[in-house]
Amino acid sequence: PSASIRSLSRKQLLKTTLPALLHYEDRNSMAHSVEARVPFLDYRLVEFVYSLPDPYKIKDGETKKILRQAIEDLVPDKVRQRQDKMGFVTPEEQWIRDSHRPLFLAMLKSAAETLPAWLIPARVESHFQAIANGSRPFDWSIWRIINAGRWIRRFQIDCEGAL
């Protein structure tokens with residue numbers, strides 16, 4: 001268990017979670033002319049926490065064990081003990097499968113028509129229907145195709161000339 005938590009932490013620090021979050025933080029702060037800080041990212045703190053035994057990080061399903069203990073007298077229990085905290089989440093899967101299905105399908109068809117050199121519209125629609133019907137797991141391919149198509153239209157990219 002120890003090696004897997006350590007390897008997951010390393011992967012999150014160097015490859016997945018942290019680089020993505022820093023990318024978004026950097027973009028958002030620049031977009032709004034805000035000088036942002038990430039105080040928990042001080043290398044000394046990161047190295048210290050990384051070196052701690054697993055029970056200081058997670059124990060009995062409680063994450064951030066040592067942080068929660070350190071702020072015990074500073075932060076109300078209602079905040080300190082929250083277990084439901086998550087980042088900004090949007091319900092794309094729910095939109096595709098339920099409330100906005102026709103809209104997503106229309107945007108997807110439009111995008112696929114914009115990218116005929118790279119996509120086969122009928123296969124893209126079939127992929128969408130499988131995700132929308134739940135016979136295929138949700139993935140981000142639909143959203144990526146829609147955004148690529150919108151980007152190409154917005155900036156009037158000549159896809160035929162790009163081949």
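A residue is taken as buried under 20% relative accessible area, as exposed over 50%, and as partly exposed in between. In the predicted model examined here, lysine 64 has a relative accessibility of 45% and therefore counts as partly exposed. Lysine 64 belongs to the loop that runs between strand E2 (62-63) and H5. Its backbone carries a positive phi, near 55°, in a residue other than glycine. A positive phi, about 50°, is also found at glutamine 156, which is not a glycine. Glutamine 156 sits in the loop between H10 and helix H11 (159-162). With a relative accessibility of 71%, glutamine 156 lies over the 50% limit and so counts as exposed.

Lysine 64 also appears in the description of the largest pocket. This pocket encloses about 1,900 Å³ of space. It is lined by 40 residues, of which Gln12, Phe40, Val49, Lys64 and Leu67 are the closest to its centre. At least two lining residues come from each of helix H1 (2-14), helix H2 (17-31), helix H3 (43-51), helix H4 (54-57), helix H5 (65-70) and H6. H2 provides the largest share of the lining, seven residues. By residue class, the lining of the largest pocket consists of 24 nonpolar, seven polar and nine charged residues.

The largest nonpolar core was examined next. This core comprises 13 residues, and Ile96, Leu108, Phe128 and Ile142 have the most contacts inside it. Helix H8 (101-114), helix H9 (121-133) and helix H10 (141-154) each contribute at least two of the core residues. The contribution of H8, five residues, is the greatest. When residues up to four places away in sequence are not counted, phenylalanine 128 is in contact with Ile96, Arg101, Phe104, Leu105, Leu108 and Ile142.

Contacts were also listed for valine 124, a residue of helix H9. Its relative accessibility of 9% is under the 20% limit, so valine 124 counts as buried. With residues up to four places away in sequence again left out, valine 124 touches Leu108, Ala112, Leu119 and Ile145. Leu108 is thus listed among the contacts of phenylalanine 128 and among those of valine 124. Two C-alpha separations involve residues of these helices. Valine 124 and lysine 11, which are 113 residues apart in sequence, lie 32 Å apart in space, C-alpha to C-alpha. For lysine 109 and alanine 122, the separation is 13 residues in sequence and 8.8 Å in space between the C-alpha atoms. Lysine 109 is placed in helix H8 and is partly exposed, at a relative accessible area of 37%.

Side chains of opposite charge can pair when their charged atoms come close. The count of salt bridges in the model comes to eight. One of them joins the side chains of glutamate 35 and arginine 37, with an N to O distance of 2.8 Å. Both partners lie over the 50% limit and therefore count as exposed: glutamate 35 has a relative accessible area of 64%, and arginine 37 has a relative accessibility of 64%.

A salt bridge is also formed between the side chains of aspartate 77 and arginine 80, at 2.8 Å from N to O. These partners are separated by about one helical turn because they stand three residues apart in helix H6 (residues 77-80). Aspartate 77 is partly exposed, with a relative accessibility of 48%, whereas arginine 80 is buried, with a relative accessible area of 9%.

In helix H7 (residues 92-97), glutamate 93 and arginine 97 are four residues apart, about one turn of the helix. Their side chains meet in a salt bridge with an N to O distance of 2.4 Å. Glutamate 93, at 34% relative accessibility, counts as partly exposed, and arginine 97 is likewise partly exposed, with a relative accessible area of 21%. Salt bridges with shared partners further connect Glu62, Lys65 and Arg68 into one network.

Technical notes
Residues numbered from 1 in each chain as written. Predicted model: local features only at pLDDT ≥ 70, side-chain atom pairs only at ≥ 80, totals over all residues. Heavy atoms only, no water. Core = buried A, V, L, I, M, F, W, Y, C linked by side-chain atoms within 4.5 Å. Buried < 20%, exposed > 50% of the residue type's maximum accessible area, 1.4 Å probe, protein only. Contact = heavy atoms within 4.5 Å. Salt bridge = Lys/Arg side-chain N within 4 Å of Asp/Glu carboxyl O. 1 Å grid on protein atoms, 1.4 Å probe; cavity = no way out; pocket = protein on both sides within 12 Å on 5 of 7 lines; lining within 4 Å. Points joined across faces, edges and corners; volume = space filled by probe spheres on them. Nonpolar A, V, L, I, M, F, W, Y, C, P; charged D, E, K, R; others polar.
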